[in-house]
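Please walk me through how the ligand is held in this structure, beginning with its polar contacts and then moving outward to its surroundings.

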Amino acid sequence: MSTLGPPRSAAILVDDSAAGRGGGERLQKVLARAGLGSRRHCEILIEEGRVLVNGEPAILGRRVVPDVDEVVVDGVRIGVAPGLRYVLVHKPVGVVSTAADPEGRPTVVSLVDGDSRLFPVGRLDADTEGLIILTNDGDLTYRLTHPSFGVDKEYLVWVDGHPSRGSLRLLREGVTLDDGVTAPARVALVGPDLLRLTIHEGRNRQVRRMCESIGHPVRRLVRTRIGPLTDRRLKPGAWRDLSTDEVRALERASTGTAGD
Ligand code: URA
């Protein structure tokens, strides 16, 4: 997509790109819809050079095409496509987090008003409870599930026995599993048999295997946080759409500009 060069005549007020010809939307309108403030405020963001479209500084009058153009404000990508949806689900035990199950068990997708465009971001085991995101935003899914972006996931873990300080240290330092050593975890003992464990990797049954490796098999596992997202009031089986602020916070967390 070409960008707007110097005005060629007073009549040319907008860029001559596909967006301009094809009737994309005014950038400030898209930014306002994404929750960045009033249209006037969004115009100021553009004037201040804080908005990039497809990697290039935007100018006032720029139009963008949802699903095509990438818009970034202060380094954070903005969801421009009106069709993008982000849902937070509290998965109960017995529900699978794949989009379909050959054994016919209920899926997390089937919990959410039949919106078949949505896909789970990462996996929770059928016997694990807690928070999982569903979205049709493939880019965010990639970044949230890729270990190199380091998005934290926090779990409450009820285990057999009473882990010692030494076993917690092993989890903090990294334990050897059959697919390699785990990255250092954050661990707190919140009850004699209850751990709060935070990891940013997403290997298959990782928390269960980590706890098993220190001699404390998991009895119950609940995911309580994904990056900046948490919701203690969301009951098992319930779901809700994420707010624009939550989506932006996820974007920040998965581009490494947030603290977590
Ligand atoms: N670790 C596990 O062992 N299971 C999950 O579902 C998630 C993390």
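In this predicted model, a nitrogen atom of the ligand lies 3.1 Å from a backbone N or O atom of Val-207. The residue that follows in the numbering, Arg-208, also contributes through its backbone, one of whose polar atoms is 3.0 Å from an oxygen atom of the ligand. Asp-125, by contrast, takes part through its side chain, with a polar atom placed 2.6 Å from a ligand nitrogen atom. On its own the ligand has 240 Å² of accessible area, and the protein covers 95% of this.

Beyond these contacts, the residues that surround the ligand include Leu-124, Thr-128, Tyr-155, Arg-205, Gln-206 and Leu-221, alongside Asp-125, Val-207 and Arg-208. Sorted by class, this shell is made up of four nonpolar residues, two polar residues and three charged residues.

Where in the fold does this shell come from? Helix α7, which spans residues 206–213, supplies three residues, the largest share of the shell. At the level of domains, at least three residues are drawn from domain 2 (86–147 + 229–243), and at least three likewise from domain 3 (152–226). The space that the ligand takes up between these surrounding residues is the largest pocket.

Technical notes. Residues numbered from 1 in each chain as written. Predicted model: local features only at pLDDT ≥ 70, side-chain atom pairs only at ≥ 80, totals over all residues. Heavy atoms only, no water. Near = heavy atom within 4 Å. Polar contact = N/O pair within 3.5 Å; in protein donor to acceptor, adjacent residues only side chain to side chain. Areas by Shrake-Rupley, 256 points an atom, 1.4 Å probe, with all protein chains shown as cover. 1 Å grid on protein atoms, 1.4 Å probe; cavity = no way out; pocket = protein on both sides within 12 Å on 5 of 7 lines; lining within 4 Å. Sits in = over half its atoms within 2 Å of the grid points. Helix = DSSP H or I, 4+ residues; strand = E, 2+ residues; numbered from the N terminus. Nonpolar A, V, L, I, M, F, W, Y, C, P; charged D, E, K, R; others polar. Domains from an automatic or database assignment.
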